[in-house]
Amino acid sequence: MQADPDHAEAWAALGLAQEALGQWSAAADGLQRAMALGLHSAVLNLSPAVCRLRLEQPALALRSLDQALDATLAEAWSMRGNLMRETVQPLDAALCSERTLAHGGDEALYRYCLASVRPGEPVPPRADVESLFDDYAPDFQHHLLQNLKYQAHRTLLAPLLAEGRRWSLAFDLGCGSGLCGRLLAPVCAAVDGVDVSRVMVEQASASGAYRCVAHAKLLPFLAQSDELADLIVAADVLIFVGALDAVVPAAVRRLAPGGVLAFSIEQADPGHDLQLRPNLRYAHGQSAIERLAAS
């Protein structure tokens, strides 16, 4: 490019290489330079928006997406829909999900997205949790702790750890990369984890906090053995499950006498037992949780 700064293909190749290396800012600049020089393709048009999202620059990502939108490019409509949900623009988000479906987007996933922003739309079960967290896994812990200042695992476990009790066996449901497991390991004789993401299972296993980590969904994991735990935790997991009338009783059946089931939820708006929110997470009503616990 020093020899020919107007060589569009060279800027595109450099930008795509930088994107592959995670050099998001440089990649976006190089790709946009290539586009300004007249080079366009479906991948090239979409990549600057991907980089801007990685940089948490939603306004610039939206501008790039609007430049990239093609009547048949489902991925661009999908990304635009994600931005519209995040910025609480439900009508625009619904339109984007419809366009994504019309151009070949995954039926189950985008019906789910549509239900999150359109009142009265039937809500199918979420089908993409494994791929979601497989994609998220490489940056999961750093993004959660450093960018989002995430503390839900500590908040959930603090009252239990403060008791000074020694636990025989704990199950960490939806263990992710092992944030809860690291806190539980010093006070438990054994901790078993389970996660739907194979990549997360590998990370949790490598932490050394677990006796074993299963790659499975919650219900099959809870049904696979009669071994009882005296502590079962689920930190920010049930927000992806939806209705809890199967999972909570299945967990209770695996509790030893005097055992504890501890989990976090997002609280639904007044008058709602269960809500699917635009962030694609379920929120639960406190009264519904209390009824379930009582039963």
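Here are some questions and answers about this predicted model.

Me: What does the secondary structure of the chain come to?
Reply: Let's start with the overall picture of this predicted model. The chain has 295 residues, and 44% of them are buried. Its secondary structure comes to 15 helices and seven strands.

Me: How much area does the chain expose, and what share of it do carbon and sulfur atoms supply?
Reply: Now for the outside of the chain. The exposed area is about 14900 Å². Carbon and sulfur atoms supply a share of that area, and the share is 54%.

Me: Among contacts between residues at least 6 apart in sequence, what share joins residues at least 24 apart?
Reply: Ser116 and Arg277 give a nice example of a long jump, since they sit 161 residues apart along the chain but their C-alpha atoms are separated by 5.2 Å. Taking the contacts between residues at least 6 apart in sequence, the share that joins residues at least 24 apart is 51%.

Me: Which element gives the largest share of the largest nonpolar core?
Reply: This core has 22 residues, and Phe171, Leu173, Val194, Leu218, Phe221 and Ile232 have the most contacts inside it. The elements giving two or more residues to it are strands S1 (167-173), S2 (188-195) and S4 (229-234), plus helices H13 (218-223) and H14 (247-253). The largest share is four residues, and it comes from H14.

Me: Which residues does Phe221 touch, not counting residues up to four places away in sequence?
Reply: Phe221 is one of the residues with the most contacts inside the largest nonpolar core. Leaving out residues up to four places away in sequence, Phe221 touches Phe171, Leu173, Gly193, Val194, Ala214, Ala216 and Arg254.

Me: How many residues are in the other core?
Reply: This one lies apart from the core we just looked at. Leu156, Val191, Ala209 and Val213 are among its members. The total for this other core is 20 residues.

Me: Is Gln203 buried, partly exposed or exposed?
Reply: Gln203 has its place in helix H12, residues 198-206. Its C-alpha is 9.8 Å from that of Val213, 10 residues away in sequence. Buried would need under 20% relative accessible area and exposed would need over 50%. Gln203 has 27% relative accessibility, so it counts as partly exposed.

Me: Are H1 and H2 roughly parallel or roughly antiparallel?
Reply: The axes of H1 (residues 8-20) and H2 (residues 24-36) come within 7 Å and cross at roughly 155°. Angles over 145 degrees count as roughly antiparallel. So H1 and H2 are roughly antiparallel.

Me: Is the crossing of H1 and H2 left-handed or right-handed?
Reply: On the H1 side, the contact includes Trp11, Gly15 and Leu16. On the H2 side, Trp24, Gly30 and Leu31 are among the residues making it. The crossing of these two helices is left-handed.

Me: How are H5 and H6 directed, roughly parallel or roughly antiparallel?
Reply: The axes of H5 (residues 74-86) and H6 (residues 90-102) come within 8 Å, with a left-handed crossing. The contact includes Trp77 and Met84 of H5, as well as Cys96 and Thr100 of H6. The crossing angle is roughly 160°. H5 and H6 are therefore roughly antiparallel.

Me: Which elements do the buried residues of H7 pack against?
Reply: Helix H7 (residues 107-117) is mostly covered, with eight of its 11 residues buried. Leu109, Tyr112 and Leu114 are among those buried residues. What they pack against is H5, H6, strand S6 (274-276) and strand S7 (282-284).

Me: Is Ser116 buried or exposed?
Reply: You'll find Ser116 in helix H7. Not counting residues up to four places away in sequence, Ser116 touches Arg85, Leu276, Arg277, Pro278 and Leu280. The cut-off for buried is under 20% relative accessible area. With a value of 6%, Ser116 is therefore buried.

Me: What is the phi of Glu56?
Reply: Most residues other than glycine have a negative phi. Glu56 is in the loop between helix H3 (42-54) and helix H4 (58-68). Although Glu56 is not a glycine, its phi is positive, at about 55°.

Me: Where is Asp236 found?
Reply: Asp236 is not a glycine, yet it has a positive phi of about 50°. Its relative accessible area is 25%, so Asp236 is partly exposed. As for its place, Asp236 is in the loop between S4 and H14.

Notes:
Residues numbered from 1 in each chain as written. Predicted model: local features only at pLDDT ≥ 70, side-chain atom pairs only at ≥ 80, totals over all residues. Heavy atoms only, no water. Buried < 20%, exposed > 50% of the residue type's maximum accessible area, 1.4 Å probe, protein only. Contact = heavy atoms within 4.5 Å. Areas by Shrake-Rupley, 256 points an atom, 1.4 Å probe, with all protein chains shown as cover. Core = buried A, V, L, I, M, F, W, Y, C linked by side-chain atoms within 4.5 Å. Axes fitted to C-alpha atoms, helices over the stretch in contact; angles between N-to-C directions. Parallel < 35°, antiparallel > 145°, perpendicular 65-115°, else oblique. Left-handed = near helix turned anticlockwise from the far one by under 90°.
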